[in-house]
Amino acid sequence: MPKTARTWTGARTPSGLKRVRQAEARREVLQPRRSAAKTLVAKALRLSTAPTNGNDANVALLEALSALDRAAKSGAIHPNAAARRKSRLTRHVNQALGGATARTGAHAAKTTSKAQAAKAARARIAASKADKAKGAQTAAGKARAALTKTTRTEGAAATSAVEAPPPAAAKPRAAAKTTPAKKAPAAKKASAAKTAKAAAPKATAKAAPKKPAPKKATKG
């Protein structure tokens with residue numbers, strides 16, 4: 001058992017020590033943005049309650065709102081916290097100015113519905129796909145697209161010309177196909193007549209009866 005107590009109670013593993021270093025680095029980057037936002041918000045509140053010569057409360061309000069937006073974008077504060085602080089600051093400045101609405105320069109609220117937003121998103125996706133298919137919309141990209149288009153059309157025309165038979169050679173082939181069909185019956189008829197003539201003498205020879213042989217006379 002050690003006699004002295006441990007003084008270090010933080011991380012000891014390599015991963016824990018790395019997390020400590022990361023947290024310190026992030027704090028060095030984000031803490032100035034938090035401080036700047038707080039400083040500008042306090043300045044806007046001070047000028048709204050006690051305006052001074054040469055300093056406008058509306059200008060200070062715009063600077064404070066911009067600082068809150070930058071802090072939220074970088075992750076120094078939560079976006080919801082930035083929105084809450086902006087709303088409270090704007091209301092406080094408006095009340096301090098005697099009911100006059102402060103010019104915050106905020107964007108107008110969007111009135112598009114979900115269906116319209118989905119339709120616009122689909123249109124953007126289709127346009128991006130078309131742009132990707134066409135290639136980069138530069139002079140080189142347009143020239144490349146035109147060249148590929150012309151080469152495709154020329155290749156298609158060449159293949160169609162090679163595959164299509166010439167019209168003059170088609171007629172003799174058709175005549176050659178039809179002439180044997182006409183000559184075939186005549187040849188068949190001629191061969192049938194020859195076989196009939198050859199078979200006729202045989203049939204007559206077979207049909208003729210044999211004459212009886214003459215009997216020899218016997219001497220009495």
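Just 13% of the chain's 220 residues count as buried. This is a predicted model, and what you'll see in it is helix after helix: six helices and zero strands. Reading from the N terminus, the elements go α-α-α-α-α-α. Take the contacts between residues at least 6 apart in sequence, and 54% of them join residues at least 24 apart. The notes below stick to helices 1, 2 and 3 and how they meet.

**Helix 2 on its own**

- Helix 2 covers residues 57-74, and its length checks out: at 1.5 Å a residue, its 18 residues should span 26 Å, and the end C-alpha atoms do sit 26 Å apart.
- Its buried residues are Ala57, Asn58, Ala60, Leu61, Ala64, Leu65, Ala67, Leu68, Ala71 and Ala72.
- Those buried residues pack against helix 1 and helix 3, so both partners get their own group of notes below.
- Val59 also belongs to helix 2, but it counts as partly exposed because its relative accessibility is 44%.
- Val59 and Leu47 are twelve residues apart in sequence, and their C-alpha atoms lie 9.8 Å apart in space.

**Helix 1 with helix 2**

- The axes of helix 1 and helix 2 come within 8 Å and cross at roughly 160°.
- With angles over 145 degrees counting as roughly antiparallel, that is the label this pair gets.
- The crossing here is left-handed.
- On the helix 1 side, the residues involved are Leu30, Arg33, Ala37, Leu40, Val41, Lys43, Ala44, Leu47 and Ser48.
- They meet Ala57, Ala60, Leu61, Glu63, Ala64, Ala67, Leu68, Ala71 and Ser74 of helix 2.
- Sorted by class, this contact has 13 nonpolar, two polar and three charged residues.

**Helix 2 with helix 3**

- For helix 2 and helix 3, the axes come within 9 Å and cross at roughly 170°.
- That angle makes helix 2 and helix 3 roughly antiparallel to each other.
- Helix 2 brings Leu61, Ala64, Leu65, Leu68, Asp69 and Ala72 to this contact.
- Facing them in helix 3 are Pro79, Ala82, Arg85, Lys86, Leu89, Thr90 and Val93.
- The class breakdown for this contact is nine nonpolar, one polar and three charged residues.
- Leu61, Ala64 and Leu68 are among the helix 2 residues that meet helix 3, and they also turn up in the contact with helix 1.

**Helix 1 with helix 3**

- Helix 1 (residues 14-49) and helix 3 (residues 79-96) have axes that come within 8 Å and cross at roughly 15°.
- Angles under 35 degrees count as roughly parallel, so helix 1 and helix 3 fall into that group.
- Their crossing is left-handed.
- Val41, Ala44, Leu45, Ser48 and Thr49 from helix 1 meet Leu89, His92, Val93 and Ala96 from helix 3.
- What kinds of residue make up this contact? There are six nonpolar, three polar and no charged ones.
- Val41, Ala44 and Ser48 of helix 1 take part here and in the contact with helix 2.
- From helix 3, Leu89 and Val93 meet helix 1, and both are listed in the contact with helix 2 as well.

Methods:
Residues numbered from 1 in each chain as written. Predicted model: local features only at pLDDT ≥ 70, side-chain atom pairs only at ≥ 80, totals over all residues. Heavy atoms only, no water. Axes fitted to C-alpha atoms, helices over the stretch in contact; angles between N-to-C directions. Helix = DSSP H or I, 4+ residues; strand = E, 2+ residues; numbered from the N terminus. Parallel < 35°, antiparallel > 145°, perpendicular 65-115°, else oblique. Left-handed = near helix turned anticlockwise from the far one by under 90°. Contact = heavy atoms within 4.5 Å. Nonpolar A, V, L, I, M, F, W, Y, C, P; charged D, E, K, R; others polar. Expected span 1.5 Å × (residues − 1). Buried < 20%, exposed > 50% of the residue type's maximum accessible area, 1.4 Å probe, protein only.
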